[in-house]
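Welcome! Have a look at the chain below, then try the short exercises that follow.

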Amino acid sequence: MEHNKTQSLQHQLVRLKRRFVVLQVAWLLTAAFSVAVFAGLSSGSATADQKTDVLRVRGLIIVDEKGRERILLGAPVPKTTGRKRQDDATGMLVLGEDGADRVAVGYTPDPQILGKVVKRISPSAGINFMDKNGNERGGFGVLEDGRVNLGLDYSTREAVSLFADDKGYAGLLIGGNNQGGNERAGIVVNNKSGRVVLKLADTKSNERLMIDVVGDSAPKLILLDPEKNTMVDLIEKLKP
C-alpha cells in the first residue's frame with residue numbers, strides 16, 4: 001500500500017516538473033517576442049506613442065486571400081511590384097487584382113488616359129476613380145492653383161466638370177466625345193463682372209445658342225446665324 005502511494009506521488013511530481021518546464025518555455029518565448037516587438041518599435045520601422053497609443057508607420061500593405069497586394073497606405077505609399085504604376089502618391093491606393101490603380105485617396109497621382117500617364121494641370125488632393133485598366137474616369141479634388149473640381153470622364157477626356165476657383169468663376173461644363181473632343185454645353189458665373197452665361201454648342205464647340213445676363217441688365221438671347229456665321233441677339237432683333 002505504502003509502495004503504491006510512493007509511486008503515485010512520484011508520478012505527480014514528474015507531471016509537475018513537466019508542467020513547470022512548459023511554463024518556463026512559454027515564459028521565455030513570450031519574453032523573446034516582447035523584446036522583438038520592442039526592438040522593432042525602437043528601430044524606426046514603427047513606433048508607438050506611449051501617451052496617446054498612436055502607432056507611427058511609414059507605410060502599410062494589405063493583401064487579399066491570395067496574397068496579392070490590394071491596398072497601399074503611406075506617405076508616400078510603399079513601392080511594390082504588385083502595383084503596375086510606380087509613381088508616388090500620399091494617402092491610400094486601392095489596386096485591382098492585376099495591380100492597376102482603381103481608387104486613390106489623398107494627394108492623388110497624375111491621371112492615366114488610355115494607358116498613358118499625363119501631367120495634371122495642378123497637383124491635387126482628393127479622391128479619384130479609375131476603370132479596370134487604371135484610366136481615370138472621375139473624381140473630386142482641390143487643386144493647388146485654387147480650383148475645386150468634381151468631374152466625370154469619358155475614357156479619352158473630361159465629360160462633365162463642376163468647378164469653382166479663386167479667380168471668381170464657377171460653373172458646369174459638359175463636353176462631347178467626338179474626335180478631338182469638344183465642349184457642348186455649359187453654364188458659367190463670373191462673380192467679378194456679375195455675368196452669367198448659358199450656352200449650347202455644335203460639335204465644333206461653336207456657340208449656337210447663348211443666354212447672357214450681366215448684373216441687373218436685360219437678358220440676351222443670342223443665336224448663331226449659320227449663313228453669315230454671326231451672332232444675333234434675338235430679343236433685340238424682335239423689338240418693335
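Here are three exercises, each with a worked solution, on a predicted model.

**Exercise 1. Describe the chain as a whole: how many helices and strands are there, and what share of the residues counts as buried?**

Solution. Start with the elements: the chain has 2 helices and 18 strands. Next, take burial: 25% of its 240 residues count as buried. Then turn to the surface, where the accessible area is about 16600 Å² and carbon and sulfur atoms account for 61% of it. Finally, consider the contacts between residues at least 6 apart in sequence: 11% of these join residues at least 24 apart.

**Exercise 2. Find the largest nonpolar core: which residues make it up?**

Solution. The largest nonpolar core holds 7 residues: L72, V77, A89, L93, L95, A104 and M130. Now pick L72 and list what it touches, leaving out residues up to four places away in sequence. Among its contacts are V77, L93 and L95, which are also named in the core. L72 touches further residues too, including L60, I61, T80 and R83.

**Exercise 3. Look at the nonpolar patch on the surface that includes L162: is L162 buried, partly exposed or exposed?**

Solution. First, name the members: F140, V142, V148, L150 and L162 form the patch, and together they have about 400 Å² of accessible area. Strands β10 (136-143) and β11 (148-153) each give two or more residues to this patch. L162 itself sits in strand β12, residues 158-164. Its relative accessibility is 44%. Partly exposed covers the range between 20% and 50%, so L162 counts as partly exposed.

Methods
Residues are numbered from 1 along each chain as its sequence is written. This is a predicted model: local features need pLDDT of at least 70, side-chain atom pairs count only at pLDDT 80 or more; totals for chains, interfaces and linings use all residues. Side-chain values use heavy atoms; hydrogens and water are left out. Helices (H or I, at least four residues) and strands (E, at least two) are DSSP runs, numbered from the N terminus. Buried means under 20% relative accessible area, exposed over 50%, partly exposed in between (1.4 Å probe, protein chains only). Contact means heavy atoms within 4.5 Å. Accessible areas come from the Shrake-Rupley method with a 1.4 Å probe; for residues, only the protein chains shown count as cover. Patches are made of residues with over 30% relative accessible area and no salt bridge: like charges are joined within 9 Å, nonpolar side chains (Val, Leu, Ile, Met, Phe, Trp, Tyr) within 5 Å. A salt bridge is a side-chain nitrogen of Lys or Arg within 4 Å of a carboxyl oxygen of Asp or Glu. A nonpolar core is a set of buried Ala, Val, Leu, Ile, Met, Phe, Trp, Tyr and Cys residues joined through side-chain atoms within 4.5 Å.
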